[in-house]
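The exercises that follow ask the reader to work through one model step by step, with the sequence and the coordinates at hand. Each task is followed by its worked solution.

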Amino acid sequence: MANYVFRYGVEYIVRDGKILLVDHFTGRILEGRSYNAGLHQAIQAKEMVKIDPENVIVATITYQAFFRLYKKLSGVTGTALTEAEEFINIYNMIVVPVPTNKKVIRKDLTDYVFETKTSK
């Protein structure tokens with residue numbers, strides 16, 4: 001896997017003698033994350049950096065189960081209203097919309113679709 005599937009600059013990079021994972025969707029560096037089952041050590045060997053001992057997973061929990069451990073939850077986001085039904089079903093939480101402080105001045109214009117790059 002380390003030699004044939006995981007590519008330098010795509011799935012990981014080497015910085016300061018450490019293997020850093022790259023988020024496949026955003027391209028950002030995932031600080032403090034590592035592969036398991038010896039894969040991270042295999043990549044370290046492939047890139048000839050110091051091999052760290054493997055992290056041991058003691059227990060796992062889903063975000064939903066973790067959040068259910070708390071009696072009270074709250075948060076602020078601009079996108080929760082569209083997922084209000086999910087918040088009720090999964091977390092048993094209602095979403096309360098808070099009106100904006102100022103009048104919305106954004107103008108939502110219609111989309112333009114161009115058939116070719118020239119017409120664009």
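## Exercise 1: The surroundings of L21

Task: list the residues that L21 contacts, leaving aside its neighbours within four places in sequence, and find the residue that stands opposite L21 in β3.

Solution. In this predicted model, L21 is in contact with E11, Y12, R28, I29, L30, R33, S34, Y35 and H40, once neighbours within four places in sequence are set aside. One of these contacts, L30, is the residue of β3 that stands opposite L21. The strand β2, residues 18-22, runs antiparallel to β3, and two bridges join them.

## Exercise 2: The sheet and its edges

Task: give the order of the strands in the sheet, and state which strands stand at its edges and why one side of each is left without a neighbour.

Solution. The first step is the order, which is β1-β2-β3 in an open sheet of three strands with antiparallel pairing. The edges are held by β1 (12-15) and β3 (29-30), and because each has a single partner strand, one side of each is left without a neighbour in the sheet. The next step turns to the pairing of β1 with β2, which is antiparallel and extends over four bridges; within it, I13 has L20 of β2 as its bridge partner. These two strands form a hairpin with two residues between them, and D16 in the turn has a positive phi of about 55 degrees.

## Exercise 3: The helix on the sheet

Task: determine which strands helix α1 touches, and which of the residues of α1 are buried.

Solution. Helix α1, residues 39-46, packs on the sheet and touches β1 and β2, its direction making about 120 degrees with that of β2. The buried residues of the helix are L39, H40, Q41, I43 and Q44, and they pack against β1 and β2. A general point helps in reading such a list: an α-helix has 3.6 residues a turn, so residues three or four places apart point the same way. After α1 comes M48, whose phi is positive, near 55 degrees.

The largest nonpolar core can then be placed in this picture, since its eight residues are A2, F6, Y12, I19, L21, L39, I43 and V49. Both β2 and α1 supply at least two residues each to this core.

## Exercise 4: Two polar residues of α1

Task: decide whether H40 and Q44 are buried or exposed, and describe the contacts of each.

Solution. H40 lies in helix α1 and has a relative accessible area of 7%, which is under the 20% cut-off, so H40 is buried. Not counting residues up to four places away in sequence, H40 touches I19, L21, R33, S34 and Y35. With Y35 there is a further detail, as the side chain of H40 reaches the backbone nitrogen of Y35 at 3.3 Å.

Q44 is likewise found in helix α1, and its relative accessibility of 2% makes Q44 buried. Outside its neighbours within four places in sequence, Q44 is in contact with I19, V49, K50, I51 and D52.

## Exercise 5: The aromatic cluster

Task: classify the ring pairs that F66 makes with F67 and with Y70, and state how accessible these three residues are.

Solution. A search of the whole structure finds five aromatic pairs. For F66 and F67 the ring centres are 5.9 Å apart and the planes stand at 55 degrees, so the pair is tilted. For F66 and Y70 the centres are 5.6 Å apart and the planes stand at 75 degrees, which is over the 60 degrees required, so this pair is edge-to-face. Ring pairs link Y63, F66, F67 and Y70 into a cluster.

The accessibility values come next: F66 at 33% counts as partly exposed, F67 at 31% counts as partly exposed, and Y70 at 46% is also partly exposed. As a last step, F66 can be located in helix α2, residues 63-68, with its C-alpha atom separated by 34 Å from that of K50, a residue 16 places away along the chain.

Methods
Residues are numbered from 1 along each chain as its sequence is written. This is a predicted model: local features need pLDDT of at least 70, side-chain atom pairs count only at pLDDT 80 or more; totals for chains, interfaces and linings use all residues. Side-chain values use heavy atoms; hydrogens and water are left out. Two strands pair if DSSP finds at least two bridges between them. Contact means heavy atoms within 4.5 Å. Axes are lines fitted to C-alpha atoms, for helices over the stretch in contact, and angles run from 0 to 180 degrees between N-to-C directions. Rings of Phe, Tyr and Trp (its six-membered ring) pair if their centres lie within 6.5 Å; planes under 30 degrees apart count as stacked, over 60 as edge-to-face and the rest as tilted. Buried means under 20% relative accessible area, exposed over 50%, partly exposed in between (1.4 Å probe, protein chains only). A nonpolar core is a set of buried Ala, Val, Leu, Ile, Met, Phe, Trp, Tyr and Cys residues joined through side-chain atoms within 4.5 Å. A polar contact is a pair of N or O atoms within 3.5 Å; within protein, one must be able to donate a hydrogen and the other to accept it, and residues adjacent in sequence count only if both atoms are side-chain atoms.
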